[in-house]
Amino acid sequence: MYKVKVNDQFQFDIEINHNVLKLNGEELALDSINSNNNSSHVLYQNKSYNAEVVSFDGAEKTCSIKVNGVIYQVKVEDQFDQLLKQMGMDNLASNKISEIKAPMPGLVLNVLVAENAEIKKGDNLLILEAMKMENILKSSADGIVKKVLIQKGDKVEKNQILIQFK
């Protein structure tokens, strides 16, 4: 399920399963035709809508969408964002980070950075398997990797330091 916020005012729960779209638990019957990569024509309840993606930021999970000439600011939270929020880890990002700790016990499936690597906010750092799910840990700020304290195949405990930054 995705939590979608429009114009920092309206919030919707969206589910997509087997090409069935549900909005706040109710199935939507949409008829759409993609005009090109960024725009579509949608029919909903006998009304016509022209929708165009104006801008997209994958790292921040935000976009601007123009519908019939009106621009809407959209922010999406996926299940991982919601899990971090439930764990109280959604607002830990700051302008400078010194280390990344394991949010939960798990198994390191892959380390995606090396020592002295320059990283940007949103870059993938490592993949941690926990509770039978693969979790990609991302950088919350720009920085330079000082030391990688784990390697592929390591088992880690909650709050164990995984990566240190300069």
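**Exercise 1. Find the bridge partner of Glu-15 in S3, and place the pair in its strand pairing.**

Step 1. In this predicted model, Glu-15 has Lys-22 of S3 as its bridge partner.
Step 2. The pairing behind this involves strand S2, residues 10-17, and strand S3, residues 20-23. Four bridges link them, in the antiparallel sense.

**Exercise 2. Work out the strand order of the sheet of nine strands, and state which strands stand at its edges.**

Step 1. The order reads S4-S3-S2-S1-S9-S8-S7-S6-S5. The sheet is open and its pairing is antiparallel.
Step 2. The edges belong to strand S4 (26-28) and strand S5 (31-34). Each has a single partner strand, so one side of each lacks a neighbour in the sheet.
Step 3. From one strand to the next, the twist averages 30 degrees.
Step 4. Helix H1 (residues 79-86) packs on this sheet and touches strand S1 (2-6) and S9. The helix direction makes about 60 degrees with that of S9.

**Exercise 3. Trace the two pairings of S1, using Lys-5 as the marker.**

Step 1. Take S2. S1 pairs with S2 over five bridges, in the antiparallel sense. Here Lys-5 stands opposite Gln-11.
Step 2. Inspect the turn. The hairpin of S1 and S2 has three residues between the strands. Asn-7 takes a positive phi there, near 55 degrees.
Step 3. Take S9. Four bridges join S9 to S1, again antiparallel. On this side Lys-5 has Lys-75 as its bridge partner.

**Exercise 4. Decide whether Glu-77 and Ser-40 are buried or exposed, and list what each touches.**

Step 1. Glu-77 lies in strand S9, residues 70-77. Its relative accessibility is 18%, so Glu-77 counts as buried; the cut-off is under 20%.
Step 2. Setting aside residues up to four places away in sequence, Glu-77 touches Met-1, Tyr-2, Lys-3, Gln-82 and Lys-85.
Step 3. Add a distance. Glu-60 is 17 residues from Glu-77 along the chain, and their C-alpha atoms are separated by 9.6 Å.
Step 4. Ser-40 belongs to strand S6, residues 39-44. It also counts as buried, at 18% relative accessibility.
Step 5. With the sequence exclusion of up to four places, Ser-40 touches Ile-33, Asn-34, Ser-35, Tyr-49, Asn-50 and Ala-51. With Asn-34 there is a polar contact between side chains, at 2.8 Å.

**Exercise 5. Describe the sheet of four strands and name the bridge partner of Glu-129 in S14.**

Step 1. The sheet is open, with antiparallel pairing and the order S14-S13-S11-S16.
Step 2. Strand S14 (133-138) and strand S16 (155-156) are the edges. Each has a single partner strand, so one side of each has no neighbour in the sheet.
Step 3. Strand S13 (residues 124-130) pairs with S14 over six antiparallel bridges. In S14, Glu-134 is the bridge partner of Glu-129.

**Exercise 6. Identify which residues touch the most other members of the largest nonpolar core, then survey the contacts of Leu-162.**

Step 1. In soluble globular proteins, nonpolar side chains tend to be buried together.
Step 2. The largest nonpolar core has 18 residues; Leu-162, Ile-163 and Phe-165 touch the most other members.
Step 3. S13, strand S15 (143-148) and strand S17 (161-165) each supply at least two residues of this core.
Step 4. Beyond neighbours within four places in sequence, the contacts of Leu-162 include Ile-100, Ala-102, Leu-126, Leu-137, Val-148 and Val-156. Lys-101 and Lys-147 are also among them.
Step 5. A second, separate core has five residues, including Val-4, Val-6, Cys-63 and Val-74.

Technical notes
Residues are numbered from 1 along each chain as its sequence is written. This is a predicted model: local features need pLDDT of at least 70, side-chain atom pairs count only at pLDDT 80 or more; totals for chains, interfaces and linings use all residues. Side-chain values use heavy atoms; hydrogens and water are left out. Two strands pair if DSSP finds at least two bridges between them. Buried means under 20% relative accessible area, exposed over 50%, partly exposed in between (1.4 Å probe, protein chains only). A polar contact is a pair of N or O atoms within 3.5 Å; within protein, one must be able to donate a hydrogen and the other to accept it, and residues adjacent in sequence count only if both atoms are side-chain atoms. Contact means heavy atoms within 4.5 Å. A nonpolar core is a set of buried Ala, Val, Leu, Ile, Met, Phe, Trp, Tyr and Cys residues joined through side-chain atoms within 4.5 Å. Axes are lines fitted to C-alpha atoms, for helices over the stretch in contact, and angles run from 0 to 180 degrees between N-to-C directions.
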